[in-house]
Amino acid sequence: MDEDLFESYVMIDGRKFINGHRATYPFPSDEIEANRLNNRHFRIRWIWKENFAAPIKEKLIAGKMTALDIGCGTGAWIVDMAKEYQKSSFVGVDLMSLFPSTEQTHENALFLQMNVLDRLPFDDDSFDFVHQRDLTHAYTETQWQNIVIPEIARVTKSGMYCEFYEESDKWEDQDNDLLIWVNLAVSHIMATRGVNSSIATRIEAFLKESGQFTDINVLIERMPVGSYAGRIAELTLENTLNELTGLKPILKAPLGEITDQEFDNMIEEIRKECDEYKTWIYARKI
Ligand SMILES: C[S@@+](CC[C@H](N)C(=O)[O-])C[C@H]1O[C@@H](n2cnc3c(N)ncnc32)[C@H](O)[C@@H]1O
């Protein structure tokens, strides 16, 4: 294992980023980001009313399941699931070590730090359920097709389930000039790393093309972003703004080396725009 992969970090504009790894992931790895991911987890669970859509609840309760969460971040999904379904077991893997401490972790939860692109260190047919949420910016399209999806198919038991959750950055039909512009900048930067920021709309096709999955279902939720639509939509807005702020170091150059003050002003303008234009985003579960 490449020891440097996990221990090398770089501080940019007061934020901590994992450095020198072979993954494309652009977001920070620090306490601010951990808070963003945790808040986001509870918002998503509230919107979807459940931590999964696959028909696995009875088996989870009966304790017959072993589940894997790929790119688990702070482990919020794992901790929630492990607490609710104490007879089943859960494994979370992630490049960063934002995992909860042992005291905060349930006995039926395990966390491992690794790069998924090195392939999963599990035997074939190890898991009854494989979950992956919000990895849009983590892999190139080729990696999705040649590594991630084949690995998920390999470690998932035949006849069992996997589930993806991604939010789409498509802004057609919307008038948020500034937010659209900033998102285009993000998409452009990610494209230079080989990443398609609209991958949410491609996962279904990847699964079909792989020929390894059957009964593929897609659920789409239109989620309002802004204080115009209540508390949850307001939290979705805060998350969107925090996400952009996390990308500030990579965004500053393409935006013409703007100052911190100008960047913060831009974030405030986006906040106003979201209310003015009643913004929304699409979330997909596949
Ligand atoms: C936006 S976060 C989502 C975290 C979690 N799934 C959630 O929904 O709260 C994406 C996570 O993917 C992880 N990640 C990115 N590339 C990865 C890779 N190649 N291998 C493992 N984890 C990766 C990041 O470290 C980060 O924690």
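This report describes the fold, the nonpolar cores, the ligand surroundings and a few single residues of one protein chain.

The structure is a predicted model, in which local features need pLDDT of at least 70 and side-chain atom pairs count only at pLDDT 80 or more, while totals for chains, interfaces and linings use all residues. Residues are numbered from 1 along each chain as its sequence is written.

**Overall fold**

The protein chain holds 10 helices and nine strands, where helices (H or I, at least four residues) and strands (E, at least two) are DSSP runs numbered from the N terminus. Its radius of gyration is 19 Å, close to the 19 Å that the globule rule gives for 286 residues, so the chain is as compact as a globular protein of that length; the radius is taken over C-alpha atoms, and the rule is 2.2 Å times the number of residues to the power 0.38. Along the principal axes, the C-alpha atoms fill a box of roughly 50 × 40 × 40 Å. Of the 286 residues, 34% count as buried, a residue being buried if 20 or more other C-beta atoms lie within 10 Å of its own, exposed if 12 or fewer, and partly exposed in between, with C-beta atoms placed from the backbone. Among contacts with a separation of 6 or more, 71% join residues 24 or more positions apart, a contact meaning that the two C-beta atoms, placed from the backbone, lie within 7 Å.

The unreviewed UniProt entry carries the annotation "domain: Methyltransferase" for residues 68-159, and such annotations may be inferred rather than shown by experiment. This span is 26% helix and 27% strand, and its end C-alpha atoms lie 16 Å apart.

**Nonpolar cores**

The largest nonpolar core has 47 residues, and those with the most contacts inside it are Ala67, Leu68, Ile78, Met81, Phe90 and Val130; such a core is a set of buried Ala, Val, Leu, Ile, Met, Phe, Trp, Tyr and Cys residues joined through C-beta atoms within 7 Å. Elements that give two or more residues to this core include strand S3 (66-70), helix H4 (76-84), strand S6 (127-133) and helix H5 (141-155). H4 gives the most, with six residues. Apart from this core lies another, of 11 residues, among them Val182, Val195, Leu247 and Cys274.

The buried residues of H4 are Ala76, Trp77, Ile78, Val79, Met81 and Ala82, and they pack against helix H2 (31-48), S3, S4, S5 and S6. Val130, leaving aside its neighbours within four places in sequence, is in contact with Leu68, Ile70, Ile152, Val155, Thr156 and Cys162.

**Around the ligand**

Of the 18 residues around the ligand, Gly71, Gly73, Leu95, Val116 and Ala138 come nearest, a residue being near if its C-beta atom, placed from the backbone, lies within 6 Å. This shell has 11 nonpolar, four polar and three charged residues; Ala, Val, Leu, Ile, Met, Phe, Trp, Tyr, Cys and Pro count as nonpolar, Asp, Glu, Lys and Arg as charged, and the others, Gly among them, as polar.

**Single residues**

Most residues other than glycine have a negative phi. Asp13 has a positive phi near 50 degrees, and Asp215 has a positive phi of about 50 degrees.

| Residue | Place | C-beta neighbours inside 10 Å | Class |
|---|---|---|---|
| Asp13 | loop between strand S1 (9-12) and strand S2 (15-18) | 12 | exposed |
| Asp215 | loop between H7 and strand S8 (219-225) | 6 | exposed |
| Glu141 | helix H5 | 13 | partly exposed |

Glu141 and Glu273 are 132 residues apart in sequence, and their C-alpha atoms are 32 Å apart in space.
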